[in-house]
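Student: I'd like a close look at one part of this protein and at what surrounds it. Please pick the part yourself and take me through it step by step.

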Amino acid sequence: MAAAGAGRLRRAASALLLRSPRLPARELSAPARLYHKKVVDHYENPRNVGSLDKTSKNVGTGLVGAPACGDVMKLQIQVDEKGKIVDARFKTFGCGSAIASSSLATEWVKGKTVEEALTIKNTDIAKELCLPPVKLHCSRKEGMRSRLNASMEVY
């Protein structure tokens, strides 16, 4: 009787996973994928996590979401009087790839002008982190562009 109950729970859990919008059914049947060590490093040791003083006149805040997987990302940049990004912070609610992409992006934008930072492409981030094609949306160019543009609207 206990074995039958356990089997029923496994089937119910599998059915719930198959309906989950965050985990497409096609990924359930695929072989397990391991994240590249660069993704793991940025996920386990994220750089520049946190917030800047949003009331400061030289701090801009951008917030975007990725409807494809439910990720939400906030990026804040601090710009000096010469137009250089002197600090960047992020908070991301999402998968390991999204967190790693946000962490790497904050490292890359520091020291650049906003215009230079806007030239960073999602493919650049994905290539550096060795993201598989199924995770390319986690480093979306429009996400980075949206976050930086939104940050500058406040600035």
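Tutor: From the N terminus on, the elements run α-α-α-β-β-β-α-α-α-α, which makes seven helices and three strands. Keep in mind that this is a predicted model. The part I would choose is helix α4, residues 96–109.

Let's begin with its length. Helix α4 has 14 residues, and at 1.5 Å a residue they should span 20 Å; the end C-alpha atoms are indeed 20 Å apart, so expectation and model agree. Just after α4 comes Gly111, whose phi is positive, at about 90 degrees.

Now for its surroundings. Twelve of the 14 residues of α4 are buried, so the helix is largely enclosed by the rest of the structure. For the whole protein, 36% of the 155 residues count as buried. The buried members of α4 include the run Gly96, Ser97, Ala98, Ile99 and Ala100. Ser101, Ser102, Ser103, Leu104, Ala105 and Thr106 are buried too, as is Val109. An α-helix has 3.6 residues a turn, so residues three or four places apart point the same way. Here, though, the burial takes in Gly96 and each residue after it up to Thr106.

What does α4 touch? One good place to look is Thr92, which belongs to strand β3 (residues 85–93). Thr92 has a relative accessible area of 17%, and because buried means under 20%, it counts as buried. Its side chain makes a polar contact of 2.9 Å with the side chain of Ser102, itself one of the buried residues of α4. Setting aside residues up to four places away in sequence, Thr92 touches Ala98, Ile99 and Ser102, and also Val72 and Met73. Ala98 and Ile99 are, like Ser102, buried residues of α4.

Val72 takes us from there to the surface, where it joins Leu63 and Phe93 in a nonpolar patch of about 330 Å². Leu63 lies in strand β1 and is exposed, with a relative accessible area of 60%. For a contrast within the strands, take Leu75 of β2 (residues 71–79): it is buried, at 3% relative accessibility. Its C-alpha atom is 8.7 Å from that of Val64, eleven residues away along the chain. Over the protein as a whole, the accessible surface comes to about 9,200 Å², and carbon and sulfur atoms account for 57% of it.

Back on α4, Glu107 is a residue to look at for its charge. Glu107 is partly exposed, with a relative accessible area of 35%, and it forms a salt bridge with Arg47, the closest N and O atoms being 3.4 Å apart. The two are 60 residues apart in the chain, with Arg47 in the loop between α3 and β1. Arg47, partly exposed at 22% relative accessibility, also forms a salt bridge with Asp41, and there the closest N and O atoms are 2.6 Å apart. Asp41 is partly exposed as well, at 31%. Together, Asp41, Arg47 and Glu107 are linked in a network of salt bridges.

The whole structure holds five salt bridges. Another of them pairs the side chains of Glu128 and Lys38, at 3.5 Å from N to O. This one also links distant parts of the chain: Glu128 sits in helix α6 (residues 122–129) and Lys38 in helix α3 (residues 37–44), 90 residues apart. Both ends are partly exposed, Glu128 at 33% and Lys38 at 31%.

Helix α6 brings us round to α4 once more. Asp124 lies in α6, and its C-alpha atom is 10.0 Å from that of Ala105, 19 residues away along the chain. Asp124 is partly exposed, at 35% relative accessibility, and beyond its neighbours within four places in sequence it is in contact with Trp108 and Thr119.

Links between distant parts of the chain show up in the contacts overall, too: among those between residues at least 6 apart in sequence, 59% join residues at least 24 apart. As for α4 itself, the picture is of a helix largely enclosed by the rest of the structure, with Ser102 in polar contact with Thr92 and Glu107 tied to Arg47 by a salt bridge.

How values were computed. Residues are numbered from 1 along each chain as its sequence is written. This is a predicted model: local features need pLDDT of at least 70, side-chain atom pairs count only at pLDDT 80 or more; totals for chains, interfaces and linings use all residues. Side-chain values use heavy atoms; hydrogens and water are left out. Helices (H or I, at least four residues) and strands (E, at least two) are DSSP runs, numbered from the N terminus. Buried means under 20% relative accessible area, exposed over 50%, partly exposed in between (1.4 Å probe, protein chains only). A salt bridge is a side-chain nitrogen of Lys or Arg within 4 Å of a carboxyl oxygen of Asp or Glu. A polar contact is a pair of N or O atoms within 3.5 Å; within protein, one must be able to donate a hydrogen and the other to accept it, and residues adjacent in sequence count only if both atoms are side-chain atoms. Contact means heavy atoms within 4.5 Å. Patches are made of residues with over 30% relative accessible area and no salt bridge: like charges are joined within 9 Å, nonpolar side chains (Val, Leu, Ile, Met, Phe, Trp, Tyr) within 5 Å. Accessible areas come from the Shrake-Rupley method with a 1.4 Å probe; for residues, only the protein chains shown count as cover. The expected span of a helix is 1.5 Å times one less than its number of residues.
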